[in-house]
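Grab a pen and your favourite viewer. Here are a few short exercises to work through, each with its solution.

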Amino acid sequence: MDVVYVDGQPLPNGPVVAYAFSNISTDHTISASFATSPTWTVTTLTDDVNDSGSLRYAITNAVAGDTIYFADGLTGTITTENELNINKYITIRGPGADKLLISRGTTTVDFSVFNIVEGVNASLMGLSITNGTGTISTYGALAGGGIINHGNLALTGCSIHDNSAIDGAGISNVSDTGLRPILVIADSVIYNNTSASVPLWWSWCGGGLHNENGDVDLTNSTISGNATIRINNDLNYLHGGGIVNRSAGTMTIQFSTIANNSESGGWLETTGGLASEGRAEIKHSIISGNAGGDCYIGSGSITNSLVKDGSCGLAPVDPMLGDLTNNGGPTLTHGLLPGSPAIDTADVCTVAADQRGVARPQGSACDLGAFEVIKPTITTSSLPSGIKGQAYSATLTATGGNPSYTWTIIGSLPPGLTLNSSTGVISGTPTKGGTYSFTAQVTDANNSSTTKALSIIISNH
Ligand SMILES: [Ca+2]
């Protein structure tokens, strides 16, 4: 256990402390000792608490502050027949959501794949989580098919898909005995999870994400293709196909994409994409194509974002999303189609990369949503000189973006030379000496363009 000392006296709470000095006019000494944690490395996909190479063994035997790693090359599926209970501060650093899947097995018993205990800090990175069915929450309904979070959970680079439950088929953020849970999601995708309502007043659904009474921060992430299904004409009035944020919940959403979720009908305020009766602050995001409506916000704001159906008070704008697919990186994303109004329209860029890890911004500004269109780069650093009256040929080259490329010249080439817009070849016979400066521009198939200042010197002989 790590220990922090003030004036030689150990603080009781481990590495995360809050401390009030009784006298700030005198000097104090703060020191720390750090335990040498054993290294936990998962070497087998077997789910056996007695196997020292298993994830369950590492979780069971780790102490607060430990990190669990996976052996190089270990990929595949860990099938589990009961929940992975995180009851202490640990980090599980998976090899990548495209490399390691944790799946509830064939049991008929319902459980959340991960259960984060109240008051616990936990971090899950680089994992996929599937087939969970939820844990009975204090509200009496199965909640959090993939993950039920009662603690403080950071979820990074994960894929939560094809889980089911009543509240929060993908993830439920809900208190247990009253401590407010905190959920910070980054660089992740939550897709194809399905919530089914029950004819009882306490089911609120939320196909992808259910926030009952905590704080959720969603950045650089995609909520797609989740569904909430109304059963037996229940009277619940706040169903969210993608996200439901209940009245005691707060959410901040930035650079995220909520698309193609669905809601099959309810009583009041049912929304296919985001249904928020609590507070929601949304920036730089896309909400599009959700059956049953894109957006409902009881309080909060949505700015510098695109909402396809014009709900939440924005003008309707089609963000021109591609399908959810592998666009590179460990998690699925919705790409932006050529000419998308999301490209380069974020008013500020507060993230260094997109969901895939592609550096932001590309081009003149960040793109709205979780996906940044990669701009092509002109690789030609300089052009050879030519001689008046002698044939000249040089080729502009580019990389990145989405070939094929279209070339244009802004300004003028030396007299006698012309550009082939599809090949980038500059050729002809120069007719006049001089130094000619111009700007070359390449545009890729996504209509993304980049420019570079270049020049050609033509000598008279
Ligand atoms: Ca951009």
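The exercises below go from the domains to two sets of strands and then to a single loop residue.

Before you start: this is a predicted model, where local features need pLDDT of at least 70, side-chain atom pairs count only at pLDDT 80 or more, and totals for chains, interfaces and linings use all residues. Residues are numbered from 1 along each chain as its sequence is written.

**Exercise 1. Find the domains of the protein chain and the separation of the centres of domain 1 and domain 2.**

Step 1: Split the chain into domain 1 (1–36), domain 2 (40–322) and domain 3 (377–459); these bounds come from an automatic or database domain assignment.
Step 2: Taken over C-alpha atoms, the centres of domain 1 and domain 2 are 36 Å apart.

**Exercise 2. Work out whether strand E16 is mostly covered or open, and which strands it pairs with.**

Step 1: Locate E16 at residues 152–156. Strands (E, at least two residues) are DSSP runs, numbered from the N terminus.
Step 2: Check the cover: 4 of the 5 residues in E16 are buried. A residue is buried if 20 or more other C-beta atoms lie within 10 Å of its own, exposed if 12 or fewer, and partly exposed in between, with C-beta atoms placed from the backbone.
Step 3: Look for partners, remembering that two strands pair if DSSP finds at least two bridges between them. Strand E11 (residues 121–125) runs parallel to E16, joined by 5 bridges, and Ser123 sits opposite Ala154.
Step 4: Strand E20 (residues 182–186) also pairs with E16 in the parallel sense, over 5 bridges. Here Leu155 has Ile185 as its bridge partner.

**Exercise 3. Lay out the open sheet of 3 strands and explain why one side of E39 and of E42 has no neighbour.**

Step 1: Write down the order, E39-E43-E42, with antiparallel pairing.
Step 2: E39 (392–395) and E42 (417–419) are at the edges with a single partner strand each, so one side of each lacks a neighbour in the sheet.
Step 3: Add the twist, which averages 15 degrees from one strand to the next; axes are lines fitted to C-alpha atoms, and angles run from 0 to 180 degrees between N-to-C directions.
Step 4: E42 and E43 (residues 425–428) are held in antiparallel register by 3 bridges, one of them linking Leu417 with Gly428.

**Exercise 4. Place Ala291 and say why it counts as partly exposed.**

Step 1: Ala291 is in the loop between strand E32 (286–288) and strand E33 (295–303).
Step 2: It counts as partly exposed because it has 14 C-beta neighbours inside 10 Å.
Step 3: Leaving out residues up to four places away in sequence, Ala291 touches Ser262, Glu263 and Gly272; contact means C-beta atoms, placed from the backbone, within 7 Å.

Terms used. Contact = placed C-beta atoms within 7 Å.
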